[in-house]
Each structure stands twice: as C-alpha cells, then as structure tokens.
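Biologist: I would like a close look at a single part of this protein, the sheet with the helices that pack on it. Please take me through that part step by step and then set it beside its surroundings.

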Amino acid sequence: MRRTNTFAIRPLSEEDEHLLRELLDASASLWNELNYERRQRFFDGDSVWDTADYRKQYVGVLGSATAQQVIRKNTSAWQSFFAARENGEDTAPPGYWGNEDDGRELRTYIRNDQYTLEISERSRLEIPVGQALKDEYGLGYHDRLRLEVCGAPKWDGEQGRLEIQYDEVTDTFRAFQPVTVPDSRQDSPLASEAAALDVGANNLVACTTTTGQQYCYDGRDLFARFRETTEHIARLQSKLREGRYSSRRIRRLYRKRTRRRDHAQEALVRDLMERLYDEGVATVYVGDLTDVLSTHWSAEVNEKTHQFWAYRSFIDRLATTAEEYGITVEVRSEAYTTAECPMCGERDDTNRDGDVFRCSCGYRGHADLDASRTFLERQAGESDVGPMARPVRLKWDDHNWSEASSSPERVRPNEERTNRSTGNGKLALHEWIATIPTGGIPRLQPREDVNPRLLRNSHFGLNNRYTAQG
C-alpha cells in the first residue's frame, strides 16, 4: 500500500535558504513555460506533446533529473486532463504555478534515487543542485544541498518521488515523501463489529457502532471560521482593479482556509479510526450524499458539503486511513435516514430543528446520531445493534478533537514533541520544537529560551532570472 510522509525542512543558513528558493523558483518557471506552450497548442488545436526541450534550458540550475521530474509531472497533469474530458467531465487545462507579478508557487520534485533522507538524532535531507547553482554558491562538484528535517516520518518503505513546497503563510518549507509499505504493516480488526457514519456540516460526523458506542464531532466553529475567511476573500476580490481576479493575499487566504479544513479532517479521521479499531469494528458504512443533495439541495448545503467539508476528499482520506487498521469502508445510500423516526419508523410527520429530532409519536432525540443508528440498522441488521451508551461529543481546538465533557487529564493525547536537527558541526541559528498532530502536518514553534528576535527568517528578493510565461 502507498503512504506519504510529511515533514518540515529548513536550510542551515541564509545562503542555503536563498539557494533553495532559487531552486524551487526555477522549477516553477520551468512548469510555467512548458505549460504555457502546451496551453497555446491546445487552444490552437495542435498536439500538446510536441514542445521545445525545456530540460536543456534548465539543466544548469535544476540538474537533469530534477528538470525531467518537473516535466513528467506536467505531462501527467495533461494526461489526467484529457482522461477527464474523455469521461465527459467539464474540467480546465492544467494551470500555472503563479507568476512573476504576484509571486510563483515555490515547488519542485526530486527523483527517488536522487535524494537521501536520514532519520536519527540528527536527521537530514540531501537533494541535488544544478551545476550553475553549485558554482554560484561555492558548492563542490559532488556536493548536494543539506537540509534539516523536523519531525519523524511515520512510514518506512520503498521511497518514491519527493515533493518540496514552500508555505508562504507559515514561512515553512515542507517535504512530501510517498513510500510503498508492505501490506503486512496493516493491523487486523480485533472483532467483526460494524459502524455507520452520518456525514454533515453542523456535526461533521455522527457515528454509531454495533457495540452501542456513539461519537459526534461538532463542526459549527470550523464552518464559522471557513465562512468568515470566505467573506474576507470576497471583500478583497471586490477591491481588485478591473481585469484582475486574484492576488497573492487572496491565494494565501485560500490556501490557509484549505489547510485548516484538511488538518481538522485528517485529525478527525485518525481519531475516529483509532476509536473504532479499539471497539473491534471491521466494517464502516458511510452515506452516499448524491441522493440527499439532489433532493434537499440548497446554497448553504452545497457550500458546507462540497467546499467546506469536501465530501469526496473526506471519503478518500477515510478509506486510506481505515486501510491501515484493516477496516473496510463501504459507501451505501442513506436516503431518508434523517427523516425516519427510530422509534416508530414514521417519515412524513417528523421534524428537525438543528440537532433536535421530533416525531408525532412523541419521540425526541439527536437528529444526526439517530440517523447514523438508523443507517447502521439498515446495513448490519437491527438485531445486531446493541443498546446505546451515552454519546461521546468531541470539539476541535485547532489541534485536537477532545471530548467536550472530559477533564484535561482525560483528553486523548494527540501530539508528540520532537527536536531533530542536523549536526555535523553545522547547526542552524536557532532551535525549534516540531509539533506533529496525529494524522496532520508538523508545525514549528520556537523554544521559549531563545531570543525571539533571532527567530525571524529573512525574506529574499530573487533576481527573476527565470521567465514566467502566461
């Protein structure tokens, strides 16, 4: 099975940071130039594959292998675009990695046999650099750029192509390393219990298990922050001069909004799967929202389900994480589960007001938790669902999903702290603590005993030597 290690990296000096930025900027320029030619050919009705040899133009800065990886990534994006068109999907051609005026997206790809990742007390990552940059920065012919690794990658196995990105919002360089992990690394379910999930936005997930456990993940605060950022983006867009549709600040807000959502989603899936594994759950049923959306569509439902919660992305992440625990995920229709009374089965004479469900028979309960139980009874059989224990309600605090009624001592541990840096006599100017939320992305925090004035990274203005088309 395929998994991805995500970790933060940092240069050892200001000069190394400048070199890394130039390397990533040149990769973005290569992508833009190649993509510009392919877009023009596509719109003119010509073949997008017959292009100039951009590898030769960038080999001095990126090196032959890295230049080729960027080109292959662009080729893969165009192949996916054509495949989507053949399937009848209305999709746009691959876009650019920013531009010179608003700033390029700093990103590159390193072939799997061209980088070295060492994890120990002094973790480090070494990547190749083109000869032109070696000469400019005084590196020897065989030298590579050495970077500190912050955090401990979770997976070990056959390494794939490394992706490096610069996150301008948090001023952090991140590396993404896909690895192939043996199937034997999967856990096996402790029993053959089942669970059903009701996916929404007020409550992101309501879960019921055949063992009688219920979990409810509150999403109101997350959606309120999402809506607040969306409104801020709209205000900034209204102030753009005519003919412009975005800016660096707007793109940063979009990325911040997406990362905040993805972080909460990843942590939720990890927390839920750990709980279900402990319950002995082997199969998870999750509702297919297609029928629900077509019947009860509204602008707010669309925003919550597609933009904020990203339902399809959630299902993919759920299935991938469940695979680690040997748990199977099955998508089934959940039609009418939110309207059906769990006591008498009535569907027409029922009412929902927020989280409260009421039926004409006198029944009153939690709408989403009742829906997940009804959904589970349909799939697993009513006789297989045991009596319900008191539901566990969880809230998000930007780092953890914590039980709302729990004392601090009972909150599930969701973070571990490490401090890994490259040694060999060449330490960075300051020390950091890498915080790794479960299933999330490492965040860097300075140690309290370090002068905060020394912790401000310098920002470099590049020479813009690489031309960005489009």
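Modeller: What follows describes one sheet, then the helices on it, and then some other parts of the chain. Please keep in mind that this is a predicted model, so that every value below is computed from predicted coordinates.

As a frame for the close look, the protein has 10 helices and 23 strands, and of its 470 residues 47% count as buried. Among contacts in the protein with a separation of 6 or more, 69% are between residues 24 or more positions apart. About 23,300 Å² of the protein is exposed, with carbon and sulfur atoms supplying 43% of that area.

The sheet you ask about is an open one of seven strands, which follow each other in the order β15-β14-β11-β12-β13-β19-β20, and its pairing is mixed. The edges are held by β15 (328-333) and β20 (401-403), and because each of these has a single partner strand, one side of each is left without a neighbour in the sheet. On average, and with direction ignored, neighbouring strands of this sheet are turned by 25° against each other.

Within this sheet, strand β11 (residues 193-199) can be followed in detail, beginning with its link to strand β14 (residues 281-288): the two run parallel and are joined by five bridges. In this pair, Leu197 has Val286 of β14 as its bridge partner, while Glu193 stands opposite Val281 of β14. Strand β11 also pairs with β12, here in the antiparallel sense and again through five bridges, and in this second pairing Ala195 stands opposite Thr209 of β12. The connection between β11 and β12 is a hairpin with three residues between the strands. As for its surroundings, β11 is mostly covered, since six of its seven residues are buried.

Two helices can now be added to the sheet, taking up β11 and β14 once more, whose five bridges were described above. Helix α6 (residues 248-278) packs on the sheet and touches β11, β12 (203-209), β13 (214-218), β14, β19 (392-396) and β20, and the direction of α6 makes about 170° with that of β13. Helix α10 (residues 367-380) packs on the sheet as well, touching β11, β12, β13, β14, β15 and β19, with a direction that makes about 45° with that of β12.

Helix α10 leads on to another sheet, for α10 also lies across β16, β17 and β18, running at about 85° to β18. These three strands form an open sheet in the order β16-β17-β18, with antiparallel pairing. The edge strands here are β16 (350-353) and β18 (364-366), each of which pairs on one side only, and neighbouring strands of this sheet are turned by 25° against each other on average, direction ignored. Four bridges connect β16 with strand β17 (residues 356-359), the two running antiparallel, and in this pair Thr350 stands opposite Cys359 of β17.

Helix α6, for its part, is preceded by a loop that comes after α5 (220-238), and Tyr245 lies in this loop between α5 and α6. With a relative accessibility of 70%, Tyr245 counts as exposed. Apart from neighbours within four places in sequence, Tyr245 is in contact with Gln237 and Leu240.

Elsewhere in the chain, strand β9 (residues 162-167) has five of its six residues buried, so β9 is largely enclosed by the rest of the structure. Strand β4 (residues 107-110) pairs with β9 in the antiparallel sense over four bridges, and Thr108 stands opposite Ile164 of β9. Five bridges join β9 to strand β10 (residues 172-180), also in the antiparallel sense, with Asp167 opposite Thr172 of β10. Strands β9 and β10 form a hairpin with four residues between them, and Asp171 in the turn has a positive phi of about 55°.

Finally, helix α1 (residues 14-43) and helix α2 (residues 54-62) pack at an angle of about 175°, with their axes 10 Å apart, and α1 and α2 are therefore roughly antiparallel to each other. Residues in this contact include Leu23, Leu30 and Leu34 of α1 together with Tyr54, Tyr58 and Val61 of α2. Taken by class, the contact of α1 with α2 has eight nonpolar, three polar and two charged residues.

Notes:
Residues numbered from 1 in each chain as written. Predicted model: local features only at pLDDT ≥ 70, side-chain atom pairs only at ≥ 80, totals over all residues. Heavy atoms only, no water. Buried < 20%, exposed > 50% of the residue type's maximum accessible area, 1.4 Å probe, protein only. Contact = heavy atoms within 4.5 Å. Areas by Shrake-Rupley, 256 points an atom, 1.4 Å probe, with all protein chains shown as cover. Pairing = 2+ DSSP bridges. Axes fitted to C-alpha atoms, helices over the stretch in contact; angles between N-to-C directions. Parallel < 35°, antiparallel > 145°, perpendicular 65-115°, else oblique. Nonpolar A, V, L, I, M, F, W, Y, C, P; charged D, E, K, R; others polar.
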